[in-house]
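Me: I'd like to get better at reading a fold from its coordinates. Could you walk me through one, feature by feature?

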Amino acid sequence: MKATHWLLAGTMLFAGTAAQAQTAAPEIPEPKLIVAIAVDQFSTDIFNEYRPTYTGGLKRLAQGVAFPSGYQSHAATETCPGHSTILTGSRPSRTGIIANNWFDPANGRAGKDGKASFEVYCSEDTSVPGSNSSNYTVSPKLLKVPTLGDRMRAVNPASQVVAVSGKDRGAVMMGGHNTTLTMWWDGKAFRTYDASKSAEPKAATTINAKAKAEIDKPTPVKLPASCATHSRAVAVDAKTSLGTLQPRKAGDARAFRASGAFDALTMDLALAAFAEKKLGRGPATDVLAVSLSATDYVGHSTGTAGAEMCTQIAALDATLGRMFAALDKSKVPYTVMLTADHGGHDMTERNTENGLPNAERVDVALLPSVAGKALAKELGIEGPLLLGDGPFGDIYLSAAVPAEKRQAALDAAYAHYQNHKQVEAIFRKAEIAATPSPAGPPEDWSLIQRVRANFDPERSGDFYVALKRYVTPIPAGTAGYVATHGSPWGYDRRVPILFWWKGVAQFEQPNGIETADIMPTLASLIGLTVPETEIDGRCVDLVAGTKSNCR
Ligand SMILES: [Zn+2]
C-alpha cells in the first residue's frame with residue numbers, strides 16, 4: 001500500500017470514529033489542551049541519573065504518573081521512527097517510518113552530483129521533481145497512519161493541532177497530516193510548510209531574530225554547580241577532548257543546536273503559538289506537540305555523561321519549568337505527557353574509562369559501501385552492491401545486480417556480516433516477515449521481535465543487521481559526532497513516559513510500557529474512541545487506586 005492511500009481512506013475511517021466518540025473518563029479532569037513533549041535522546045538512563053537534581057519542569061513531571069521504563073520497543077531506535085510512535089499509537093511497522101532514511105533500490109532519483117540516489121528521507125515528499133533525501137520538501141506523506149491530532153480534527157474540525165520542533169521530522173511525525181501549524185528549525189530559522197506560512201505566529205519573526213543573534217554572539221561557559229563532578233576531559237583522538245564545557249564560538253550554528261538556548265527558543269515558539277492561537281480556549285480540545293532537539297545534539301557531539309549533557313539537562317529542566325508557569329498562568333485545563341523518541345549511549349572512550357567492558361567503535365568493514373565494494377569485486381559485479389544508511393539496520397541489495405546473481409550476492413553479503421565479530425545477529429527479510437507482531441512486555445522481546453516492530457514489507461531491506469551491545473556504529477570519533485543511538489539494546493530503547501495534570505495523584509510503575517501506548521491513553525482522557533485494530537498500543541491506567549481512565 002502506498003502511503004497516500006491512507007489519506008483517501010481517511011474520511012471513512014474518521015466517520016466511524018466520530019460516531020463512537022464517548023465522554024471522557026471522569027477520574028481525570030478532561031483537558032482542553034494536551035501538551036505532548038518529546039525530548040530527543042532523553043533516555044531513561046539520563047532521566048534517572050539526574051532525577052535528584054530536578055527543580056523545574058522535570059521535578060513536577062517526575063512527581064506525576066511516571067513510567068520510567070517506557071519503551072520505544074522497536075530495534076531501529078532513531079528519531080523519525082521514535083517520533084512516529086508517540087502520537088499514533090503504532091509501532092514503525094504500522095506507521096511505515098522504519099528509519100530516518102531507507103532505500104528504494106528500484107527508484108533512483110538524480111542527486112546534486114548527477115548520480116542516482118536511492119535514499120528516501122522519512123519526512124520528505126518524494127514526488128517533488130528534482131528533490132532527493134538531502135535536498136527535500138518537508139511533508140508528512142510517508143507517515144501511513146493518522147496521529148492523535150488527525151483523529152481529533154476528524155471528529156471535530158474545531159480542534160487545533162500545533163507541532164513545533166528543532167527538527168522537521170520531530171514536528172511532522174507528532175503533528176501529522178492535518179495540523180493547524182507545523183514548525184521546525186531548518187538550520188537557520190524556524191519555518192513552516194510554505195503553503196501555510198500565514199498560519200505562523202506573529203512572534204516567529206522575533207524568535208527567529210533572537211535565534212540569529214544567539215548564533216552570532218560568542219557564548220561563555222557557565223557550569224552549574226551540580227555538574228562539577230561531571231567535568232572531566234576525555235580524549236577522543238589526538239586533537240580532541242570532550243567532557244568539559246567549551247565556549248560557543250560566534251557564528252557556530254551547529255553548536256547553537258547543541259545548547260539549552262535552542263530548546264528555550266523552540267519552547268518560546270510553542271508558547272507563542274499557544275497564546276496567539278488561544279489553544280485550550282476554543283470549543284474543542286487542542287494539541288500542542290513540542291519536540292526539543294538540543295539533548296540529542298549534545299549527545300551526538302559530546303556524549304551522554306560529560307559536563308555538556310549535565311548542563312543541558314539543567315537547562316531543559318528550567319525550560320520545562322517555564323512552560324509549566326505559562327500554562328498555569330493561562331488557567332487552561334491541560335495535561336502534559338513527556339517522553340523521548342529513543343534513548344542513547346555514551347561515547348566509547350568515556351565508556352571504556354568508566355568501567356564498561358567491550359565498548360568499541362565499529363569496524364569500517366561493516367559499512368555497506370565498504371562491504372559492497374569488496375563483494376562486488378569478489379562476485380564480478382559492477383557498481384555499489386549494497387545500500388544502507390550505516391553499518392547496521394536495514395541493508396538492501398542494489399537493483400543493478402542481475403537476477404541470476406542476486407541469490408549468490410545476497411548469500412555472500414549475509415555471510416560477510418554474519419562472520420564479523422561485532423555482529424550480534426542478522427535476519428533475512430523473509431524470516432522477519434514470518435515473525436508475528438510482538439505482544440507482551442517489551443523488555444522481554446527477542447531481537448527478531450524488536451526488528452519485526454520496525455518491519456515494513458515495501459520499505460525494509462533484504463536483511464537487518466544488529467551489532468553487539470556497546471558497539472558504537474561510528475567508526476572514529478570525529479569532532480561533532482562521537483556518540484549515537486539506533487541499536488535494539490536497552491540503553492537506546494528505554495525512555496521515560498511521564499504524565500502530569502493539576503491534582504494528579506502521584507504513582508510510579510516500574511514495569512515496561514510502550515510509547516505506542518501513549519496515544520490511546522491520551523485519547524481516553526478526552527473520550528476519543530480509537531479502534532483497537534487500527535493501532536498497536538493500549539490504554540494505560542493513569543489513576544492511582546481502583547478506578548481507571550481506560551474502558
Ligand atoms: Zn532523535
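**Reading the fold, feature by feature**

Reply: Let's start with a loop residue: Asn 358 sits in the loop between helix H13 (348-353) and strand S14 (360-361). Keep in mind that this is a predicted model.

Me: What is the phi of Asn 358, and is the residue buried or exposed?

Reply: First the general idea: most residues other than glycine have a negative phi. Asn 358 isn't a glycine, yet its phi is positive, at about 65°. The residue is exposed, with a relative accessible area of 56%.

Me: And what about Lys 278, where is it and what is its phi?

Reply: Lys 278 is in the loop between H10 and S12. Its phi is near 50°, a positive value in a residue other than glycine. With a relative accessible area of 52%, Lys 278 is exposed. For a glycine with positive phi, look at Gly 303, which follows H11 and has a phi near 85°.

Me: Let's zoom out. How many helices and strands does the protein chain have?

Reply: There are 19 helices and 22 strands. The radius of gyration of the chain is 23 Å, close to the 24 Å that the globule rule gives for 551 residues, so the chain is as compact as a globular protein of that length. Along its principal axes, the C-alpha trace spans about 70 × 55 × 45 Å.

Me: What share of the residues is buried, and what supplies the exposed surface?

Reply: Of the 551 residues, 59% count as buried. The chain exposes about 21,400 Å², and carbon and sulfur atoms supply 55% of that. As for charge, the mean positions of the 56 positive and 55 negative charges are 5 Å apart.

Me: How much of the contact map comes from residues far apart in sequence, say 24 or more positions?

Reply: Taking contacts with a separation of 6 or more, residues 24 or more positions apart account for 72% of them. Thr 472 gives you a case: its C-alpha is 5.8 Å from that of Val 362, and the two are 110 residues apart along the chain. Thr 472 is in strand S19 (residues 471-472). Besides Val 362, this threonine touches residues including His 345, Asp 346, Glu 360 and Val 482. At 2% relative accessibility, it counts as buried.

Me: Which residues touch the most other members of the largest nonpolar core?

Reply: The general idea is that in soluble globular proteins, nonpolar side chains tend to be buried together. Here the largest nonpolar core has 111 residues, and Phe 42, Leu 148 and Met 323 touch the most other members. Helix H10 (residues 260-276) gives the largest share of this core, nine residues. Another core lies apart from it, with 24 residues, among them Ile 381, Tyr 417, Ile 426 and Leu 467.

Me: What does Met 323 touch beyond its sequence neighbours?

Reply: Leaving out residues up to four places away in sequence, Met 323 touches Val 35, Ile 37, Met 267, Leu 271 and Val 336.

Me: Next, helices. How many residues of H4 and H11 are buried?

Reply: An α-helix has 3.6 residues a turn, so residues three or four places apart point the same way. Look at burial along the whole helix, then. In helix H4 (residues 79-86), eight of its eight residues are buried. They pack against strand S1 (33-39), helix H5 (92-95), helix H7 (168-175), S12, strand S13 (334-339) and helix H19 (518-525). Helix H11 (residues 294-302) has nine of nine residues buried, so it is largely enclosed by the rest of the structure. Tyr 297 and His 300 are among those buried in H11.

Me: Back to loops for a moment. Is Ser 159 buried or exposed, and what does it touch?

Reply: Ser 159 lies in the loop between helix H6 (148-155) and strand S7 (161-165). It is buried, with a relative accessible area of 4%. Its contacts outside the local sequence include Met 152, Arg 153, Thr 180 and Ala 284.

Me: And where is Ala 284?

Reply: Ala 284 lies in the loop between H10 and strand S12 (286-292). It is buried, with a relative accessible area of 5%. Neighbours within four places aside, Ala 284 is in contact with Lys 32, Asn 156, Ala 158 and Ser 159. For a longer view across the model, Ala 284 and Arg 459 are 37 Å apart, C-alpha to C-alpha.

Note on methods
Residues are numbered from 1 along each chain as its sequence is written. This is a predicted model: local features need pLDDT of at least 70, side-chain atom pairs count only at pLDDT 80 or more; totals for chains, interfaces and linings use all residues. Side-chain values use heavy atoms; hydrogens and water are left out. A nonpolar core is a set of buried Ala, Val, Leu, Ile, Met, Phe, Trp, Tyr and Cys residues joined through side-chain atoms within 4.5 Å. Buried means under 20% relative accessible area, exposed over 50%, partly exposed in between (1.4 Å probe, protein chains only). Helices (H or I, at least four residues) and strands (E, at least two) are DSSP runs, numbered from the N terminus. Contact means heavy atoms within 4.5 Å. The radius of gyration is taken over C-alpha atoms; the globule rule is 2.2 Å times the number of residues to the power 0.38. Accessible areas come from the Shrake-Rupley method with a 1.4 Å probe; for residues, only the protein chains shown count as cover. Lys and Arg count as positive and Asp and Glu as negative; His and the chain ends are not counted. The place of a charge is taken as NZ of Lys, CZ of Arg, CG of Asp or CD of Glu.
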